[in-house]
Amino acid sequence: MQKIKKQFAFIGTFIFLIIFFASSSSADWNQTSTEVNASYEVISEDMTVHVSKVITFKNNDANTRYWRGYYSTFNYYLPDDAKNICAYDNDRDLNFHKLDRMDHYYVLKFNTKVWYEESYTFTIEYDIDIHKNCANFCVNEHGNETQVTIIIPDEYETFMDRNDYSMETISDAVVYTFDHGLVWSNTCRVDAVKNTDIHVLKGTANLKEKNVDITVNYWDGEEEWANDILNTAIETLPVLEDLSGLSYPMDYNITITEATITETSGYGGSNNGKNGIILLHTEGRAILVHELSHYWTRACNFENIWMDEGYADLYTYLVLNQTHPDEAYSRKELFFDQYETLKPIHDFPLSNWTVPESFEDGNALETSYGYKKSFVLMYNLYEDAGLEAIQKTNLEFSNSNDGIDIDEYVKSMESATDKSLNKEWELVMPV
Ligand SMILES: [Zn+2]
């Protein structure tokens, strides 16, 4: 045994050396680089973001020295919603086409051969559609040789995923500059919203015991969003009654108000009881269903956040599974994946979980993990105990005069089903 181990150790070292050598040599010998100056300008009156990128491609690839080769094409990512795409150098347009089998990648053909130690500069321009009063778009850049400038009229309220920019106001616009040297690896979302008049859309959901009026407050230019929201609410509420086993439990009508990310404190939305639901303008169906579900979770007098949020996301899954099965499936898969990914670093027993006032960088992963773990628990409970047990206990909880704590919850759920639910409770209790 000992001998075999030694042999493996030797082979291991040998392979390691080869890999190390190969990678260090390729860094010296096989290099091209790209410098980008990108500008994203929100043009309100055209309802577009105009994107312009001056790209300098440098050939330092020693494999092409001594006239053995050259570069003449360039593959580049452009977002799905890019339109009016054009590319040109100082003299003329560049030809380009979409790369086969690779969505969003384009092949641009240089107007010259770029030999060893030469460089070539060209420009790509395109537009991204935005709404009348809100501009929501992504900045997708790579590496650390990129300067990004984002220009937004000053009447907009602007939020971005990253804040390592410098800011300057020029006439009627604010210019955000991300200097060369910063690293670009993740997409940076930009969300800019202009103050507008509020419009109102009304509808009615015909529920078991009453008709509930639904009012959607929305911004000028967001009619389509408002219609989707109203229709989703009307479609969702009867399904929630069926799934939970409880008629709409509140004695008030429902108001849903379109909101900025400051108003939602970084969350996708929030259910403020009688004062209605506020919903982030970039969110839609899934978050709305989640917030509507809270009318039922609140009626059940839960004392713990994981019960409240876990049920809201379980109902969201079950509602979507009836109305939009593909979305239900992909959201469920995403939640399970994120749970597994975050677990090694961010795990905690759900009995300790609290939700911060606002969702921000410092608490984002832990908060997100709490939601995912609560969902995983409730989904497993739904599979093991069944919907009937959930409906039976809902009735019991909603009739209770005081809060439902963990002991009471566990006791009721176990008596509602014959199965052992210890696997679920392991997620709740401290080890
Ligand atoms: Zn919630």
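Take the open sheet of three strands ordered S8-S13-S10, where the pairing is antiparallel. This is a predicted model, so read what follows in that light. Strand S8 (134-139) and strand S10 (156-160) sit at the edges, each pairing on one side only. Going from one strand to the next, the twist averages 15 degrees.

Now look at how S8 meets strand S13, residues 188-194: the two run antiparallel and are joined by six bridges. If you want one spot to check the register, pick alanine 135, whose bridge partner in S13 is alanine 192.

Next, move back along the chain to another open sheet of three strands, ordered S3-S6-S5 and again with antiparallel pairing. Its edge strands are strand S3 (71-77) and strand S5 (95-98), and each of these pairs on one side only. Here the twist averages 25 degrees from one strand to the next. S5 lines up with strand S6 (residues 105-114) over four bridges, in the antiparallel sense. A handy marker for that pairing is asparagine 95, which has lysine 109 as its bridge partner in S6.

Finally, there's a helix to follow. H5 covers residues 325-346, which makes 22 residues, and spans 30 Å from its first C-alpha to its last. That is close to the 32 Å expected at 1.5 Å a residue. Still, H5 has a kink: trace along to glutamate 340 and you'll find a bend of about 25 degrees. The kink lies shortly before a proline, proline 344.

Technical notes: Residues numbered from 1 in each chain as written. Predicted model: local features only at pLDDT ≥ 70, side-chain atom pairs only at ≥ 80, totals over all residues. Expected span 1.5 Å × (residues − 1). Bend = angle between axes of the 7 residues up to and from the residue. Pairing = 2+ DSSP bridges. Axes fitted to C-alpha atoms, helices over the stretch in contact; angles between N-to-C directions.
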